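Biologist: I am new to this structure and would like to learn how to read its features one at a time. Could you give the general idea first and then the case at hand?

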Amino acid sequence: MNLKKHIKATMASSLLVLILVGLDQWSKWAIQTHMKLYESIPIMPGFFKLFYVQNTGAGFSLFEGFGPWFFLILTLIALCAIVYYFYHTNDRMVQLSLTLIFAGAIGNLIDRMRLGYVVDFFSFNLFGWDFPVFNIADICISVGFILLVVYLLWDEYRKEKQWKNNIKS
């Protein structure tokens, strides 16, 4: 990728990160300001509610109690890897996926360093099962990861199909 395209990709991704981290932090501020811890506001009774919890672990409360330094080091390693791969690919879909993951990691890192926990508040009940409570940063990480995996699998399938067609020719 030439320098001009890299600068455009970096600027677009930086803007998206700022918007997503801003939205994430604003939503967490709004929840903390207007709800009490463990307060629940039904939005779609029996399916979706806002439910304010403080998560000291990672996604789905994994590694709970490991402390903020563990998450700081883990997140910094992940962020460095994301930046490295972002600049070593020319693929816009991969860059978009990495940008979403980066924004989510930053959003939750801000909480961990500032508060010692992550503010979670989206709560779904799916077929009688309470899905773990999450936030906008978690959505960014999950959507980015899913996009990345699906795209890479699709790209691999496409390349394999092309390779097989070249052999037949």
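**Reading the model**

Modeller: Start with one residue: Ile141 is found in helix α4, which covers residues 136-168. Helices (H or I, at least four residues) and strands (E, at least two) are DSSP runs, numbered from the N terminus. This is a predicted model, in which local features need pLDDT of at least 70 and side-chain atom pairs count only at pLDDT 80 or more, while totals for chains, interfaces and linings use all residues. Residues are numbered from 1 along each chain as its sequence is written, and side-chain values use heavy atoms, with hydrogens and water left out.

Biologist: Is Ile141 buried, partly exposed or exposed?

Modeller: The class comes from relative accessible area: buried means under 20%, exposed over 50%, and partly exposed in between (1.4 Å probe, protein chains only). Ile141 has a value of 29%, so it is partly exposed. Sequence distance is a separate matter from distance in space. Ile141 and Leu100 are 41 residues apart along the chain, and 6.0 Å separates their C-alpha atoms.

Biologist: What does Glu156 look like by the same two readings?

Modeller: Glu156 also has its place in helix α4. With a relative accessible area of 49%, it counts as partly exposed. From Glu156 to Gly22 there are 134 residues in sequence and 35 Å in space, C-alpha to C-alpha.

Biologist: How many helices and strands does the protein chain have, and in what order do they run?

Modeller: There are four helices and four strands. From the N terminus on, the order is α-β-β-α-α-β-β-α. The C-alpha trace spans about 65 × 40 × 30 Å along its principal axes, and 36% of the 169 residues are buried.

Biologist: How do I read the sheet?

Modeller: Strands of a sheet pair through backbone hydrogen bonds, either parallel or antiparallel. Two strands count as paired if DSSP finds at least two bridges between them. Here the four strands form an open sheet in the order β1-β2-β3-β4, with antiparallel pairing. Its edge strands are β1 and β4, each of which pairs on one side only.

Biologist: Which residues are bridge partners, going strand by strand?

Modeller: Begin with β1 and β2, which are joined by four bridges and run antiparallel. Met44 has Phe48 in β2 as its bridge partner. Next, six bridges join β2 (residues 48-55) to β3 (residues 118-126), again antiparallel. Phe48 is partnered there by Phe124, Lys49 by Ser123, and Leu50 stands opposite Phe122. Last, β3 and β4 (residues 129-130) pair over two bridges in the antiparallel sense, with Asp130 in β4 as the partner of Asn125.

Biologist: Where does the backbone take a positive phi?

Modeller: Look at the turns and loops, one case at a time. The hairpin of β1 and β2 has three residues between the strands, and Gly46 in its turn has a positive phi of about 85°. In the hairpin of β3 and β4 there are two residues between the strands, and Phe127 has a positive phi near 55°. Phe127 is not a glycine, and at a relative accessible area of 89% it is exposed. Tyr38, in the loop between α1 and β1 (40-44), is not a glycine either and has a positive phi of about 70°. Its relative accessibility is 54%, so Tyr38 counts as exposed.

Biologist: What should I check in a helix such as α3?

Modeller: Check its span and its ends. The expected span is 1.5 Å times one less than the number of residues. The 24 residues of α3 should therefore span 34 Å, and the end C-alpha atoms are 34 Å apart, which agrees. At the N-terminal end of α3, Asp91 acts as a cap, with a side-chain oxygen 2.9 Å from the backbone nitrogen of Met93. Gly116, just after α3, takes a positive phi of about 85°.

Biologist: At what angle do α1 and α3 pack?

Modeller: Axes are lines fitted to C-alpha atoms, for helices over the stretch in contact, and angles run from 0 to 180 degrees between N-to-C directions. Helix α1 (residues 3-34) and helix α3 (residues 92-115) pack at about 40°, with their axes 9 Å apart. The residues of this contact are 12 nonpolar, eight polar and six charged. In that count Ala, Val, Leu, Ile, Met, Phe, Trp, Tyr, Cys and Pro are nonpolar, Asp, Glu, Lys and Arg are charged, and the others, Gly among them, are polar.

Technical notes:
A polar contact is a pair of N or O atoms within 3.5 Å; within protein, one must be able to donate a hydrogen and the other to accept it, and residues adjacent in sequence count only if both atoms are side-chain atoms.
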